[in-house]
Amino acid sequence: MAGFEIVGRQDFSEVTYLLEIRHPMLARAAQPGQFVIVMARPEGERIPLTIADFNRGAGTITLVIQAVGKTTREMQQSCRVGTTLYALVGPMGLPSPIGRAKKVLCVGGGLGVAPVFPQARAFKEAGAYVFGVIGFRSKNLVFWKRKFRTWCDEYLLCTDDGSAGIKGTVTEGIRQAIEKHPDIEECVAIGPPVMMKAATEATRPHKIKTVVSLNPLMVDGTGMCGGCRVKVGGRVKFACVDGPDFDAHQVDFDDLTSRLKRFAEEEKAALERWSENCRLGRVAVSSPSGAGLDRKRSA
Amino acid sequence: MAKKKTIRTIPQKRTPVREQEPRERTKNFAEVSTGYRLEEALNEAERCLLCPDQPCIAGCPVGINIPGFIQKITEKNFRGAYEIITATNLLPAVCGRVCPQETQCEAVCTVGETLEPVAIGRLERFVGDAAIDGGWSAIPYIESNRFKVGIVGSGPAGMACAADMAKAGCAVTVFEAFQEPGGVLRYGIPDFRLPNVIIDAEIRNLAKLGVKFECNTLVGRLFTIEQMIDELGFDAVFIGTGAGYPTLPGIPGDSLNGVLSANELLTRCNLMRGRDFPAYDTPLPRGRRVAVIGAGNTAMDAMRVSLRLGAEKVFCIYRRSRVECPARTEEVHHAEEEGIEFHWLTNPVEVLDDGKGGVRGFRCIRMELVEPDESGRRRPIPIAGSEFEIECDLVVFAIGTNANPIIGQTSKLKLNKRGYIEADDNLATSMAGIFAGGDIVTGAATVIEAMGAGRKAAKSMKAYLGLREPESFYNAGEKVVKYFGIDEREKNFVRIRVAPAPGKEPAAVSSAEHAMPTSATGKNP
């Protein structure tokens with residue numbers, strides 16, 4: 001198998017990058033809310049990534065990735081236009097139910113802006129009034145502002161340090177949105193677990209139906225290993241086949257956060273070992289955008 | 001032919017097989033049993049009485065001509081033995097290793113009434129390994145037809161169905177969601193029981209038959225079963241997706257880090273090569289003291305994998321007694337040799353938190369067996385006040401699996417109330433042209449049963465497609481093909497192609513006359 005060709009790449013910041021991958025069948029099948037599993041190379045691990053966009057005409061899908069662990073940092077270096085991914089499988093998970101809500105709040109926190117985008121677009125296409133709230137730590141991490149805006153009727157940008165948009169987290173954005181539109185019927189919130197938990201608590205008193213997309217550790221993504229189990233409404237669900245979208249007000253976020261740390265030690269060790277090897281030039285480094293990595297002369 | 005054998009003239013003792021020492025083998029992933037050598041195989045083959053009843057054939061789920069292949073071994077015609085086995089069983093090297101022979105062919109062996117039964121499984125493995133070493137493949141003459149067959153899942157059921165449909169001349173594509181084909185053989189069964197090279201060899205044989213493998217394809221989500229027929233041009237589809245959805249007990253503490261399914265442990269270790277972390281990126285949960293709940297083959301695999309990953313102590317916790325233990329006898333025996341501590345008639349009640357999100361142990365309760373339940377096995381009930389704690393840092397649940405939900409979620413196929421696909425006696429589903437078999441229909445079973453189901457479905461599929469089943473027999477080294485009892489040579493002007501006689505070199509097979517259907521592979525084998 002020749003692999004899956006990367007046809008586009010964009011770097012949003014030192015840690016966030018976008019890959020556009022050719023897979024016409026996958027582009028055709030993908031629905032908002034679904035994810036894929038990627039293996040960059042045969043020795044790599046399978047990592048789940050939410051589909052950020054799909055272009056059925058061009059036959060491509062878009063993934064937005066944050067370089068946090070060994071695999072995603074390695075991909076940041078190795079995944080260039082023209083290279084291939086060893087494995088790409090999907091779309092996985094249940095598509096997000098795009099109901100007939102008239103007024104919807106779409107919240108994206110950090111990297112979560114990418115997966116919430118197709119949902120915002122789908123709601124807009126379904127005729128809803130879409131209020132978008134996107135949040136980042138600071139101005140230099142902002143991406144897809146315009147792309148997101150085109151599908152929103154109203155929109156708020158929040159940054160933790162106030163360097164762009166309003167100052168504060170997305171919770172502040174949610175508060176303002178609900179204040180202005182008490183008739184919001186549904187909320188979709190995607191981002192890091194802490195952010196999703198905060199968003200959930202922000203909508204709970206208003207009894208607004210809220211959906212979050214969970215991102216637990218996964219191996220197969222087909223309901224086989226049970227590694228991605230989450231607690232929703234006191235019951236065990238597999239995020240890969242029963243989700244990844246769940247009713248936020250039922251989700252046990254503490255359980256999710258704890259389970260995300262399952263391999264924290266191994267992950268940390270792997271990253272340290274890899275960084276050390278990079279520094280010593282034991283692995284090929286092709287113009288890294290990440291900080292702290294030496295540019296090695298090619299051997 | 002030699003003089004008639006009797007129970008007194010045959011070697012009385014079953015030929016032992018060489019195995020790695022328990023002490024040594026728990027430190028590596030190499031195969032435990034190294035298999036029979038030539039003289040050992042010949043000696044064991046002599047033990048078969050070639051009795052007229054042939055109960056072993058009926059005892060085999062796919063009806064291998066067991067006395068036939070054993071006789072070929074005694075004649076030192078191993079290629080002949082291979083051809084006899086592969087007439088009914090595609091994967092002798094696999095089945096010789098993983099079949100529960102003691103409850104199938106060997107259970108009914110005539111020799112077994114008086115002495116230990118003939119080691120049929122070990123002989124089958126000997127032949128399968130000889131075929132892999134010799135590079136043999138049983139490729140018959142294939143006349144390609146216009147039919148396109150899709151197989152969902154590359155496990156044993158799918159492989160068996162794919163082989164039969166390819167032999168019937170169809171263009172067969174097997175879809176697999178993982179990055180490598182093999183299904184449970186690949187992700188589930190560890191290397192020390194079934195090495196990857198064996199799976200690779202068997203997959204190569206399928207590819208030689210013209211079967212195309214499409215990995216990284218999640219059928220149901222990338223395209224649906226309905227789309228396979230309506231849009232992708234498949235004339236018939238076989239679903240063999242297995243029952244891989246792990247059951248968790250729903251006891252307190254089961255979502256702690258340090259509690260996982262055997263499927264996850266085995267997939268991380270086998271398919272993802274987590275045992276070679278950090279050379280491979282997938283991390284593995286490594287426990288110092290590991291408790292595995294359940295006593296099936298998967299549980300045995302999980303325990304023995306844990307030992308090889310460096311656990312000091314591994315416990316097996318099973319709520320019934322040793323008699324009801326569903327694992328192969330050999331696996332239990334090997335597990336015991338390797339120092340697994342068995343706790344029969346014990347059930348976990350609660351997994352105990354170490355205060356940091358991990359496991360410090362679990363509380364269990366002693367059980368006793370009362371009258372049989374609907375499965376016919378005696379039902380275990382807890383003994384009040386018998387609770388006790390076992391200290392461990394990893395708990396692995398191997399208490400069974402359920403139907404994978406994806407096909408059910410994405411198609412209109414009729415399912416039963418437990419989520420398995422409903423199929424009739426011919427393995428036809430509620431939709432025309434769609435067949436299903438193996439664990440996704442019956443619930444968790446064995447490799448050979450899944451293969452049997454795959455072959456049965458292939459037979460129905462051929463009938464559905466209107467493919468005539470040529471009846472063939474060997475005649476002085478020449479294969480004569482008969483359709484419904486009519487010798488083709490007498491009834492039409494089609495030139496009869498002479499099929500290679502058994503035992504001839506494979507070169508004869510790949511001559512121009514026996515070319516592969518180019519539509520299937522685009523190249524000759």
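**Exercise 1. Find how far apart the C-alpha centres of domain 1 and domain 2 of chain A lie, and describe the contact between these domains.**

The C-alpha centres of domain 1 of chain A and domain 2 of chain A are 21 Å apart. Domain 1 of chain A spans 4-93 and domain 2 spans 103-259, with bounds that come from an automatic or database domain assignment. This is a predicted model, in which local features need pLDDT of at least 70 and side-chain atom pairs count only at pLDDT 80 or more, whereas totals for chains, interfaces and linings use all residues. Residues are numbered from 1 along each chain as its sequence is written, and chains are lettered from A and ligands numbered from 1 in the order in which they are written.

Next, take the contact itself, where two residues count if their C-beta atoms, placed from the backbone, lie within 7 Å: domain 1 of chain A gives 17 residues and domain 2 of chain A gives 18. On the domain 1 side, strands E3 (35-39), E4 (47-50) and E6 (60-66) of chain A each give two or more residues; strands (E, at least two residues) and helices (H or I, at least four) are DSSP runs numbered from the N terminus. By class, that side has nine nonpolar, six polar and two charged residues, where Ala, Val, Leu, Ile, Met, Phe, Trp, Tyr, Cys and Pro count as nonpolar, Asp, Glu, Lys and Arg as charged, and the others, Gly among them, as polar.

**Exercise 2. Place E6(A) among its partner strands and state how many of its residues are buried.**

Begin with burial: six of the seven residues of E6(A) are buried, a residue being buried if 20 or more other C-beta atoms, placed from the backbone, lie within 10 Å of its own. Then turn to pairing, which requires that DSSP find at least two bridges between two strands. Strand E2 (residues 16-22) of chain A runs antiparallel to E6(A) and is joined to it by seven bridges, with A:Arg22 having A:Thr60 as its bridge partner. Strand E5 (residues 53-55) of chain A also pairs with E6(A) in the antiparallel sense, over three bridges, and here A:Asp53 stands opposite A:Thr62. Finally, E5(A) and E6(A) form a hairpin with four residues between them, and A:Gly59 in the turn has a positive phi of about 70°.

**Exercise 3. Describe the side of chain B that touches chain A.**

Here 33 residues of chain B are in contact with 39 residues of chain A. H13(B) supplies the largest share of the chain B side, four residues, and the residues of that side divide into 18 nonpolar, 11 polar and four charged.

Technical notes. Buried ≥ 20, exposed ≤ 12 C-beta atoms within 10 Å, placed from the backbone.
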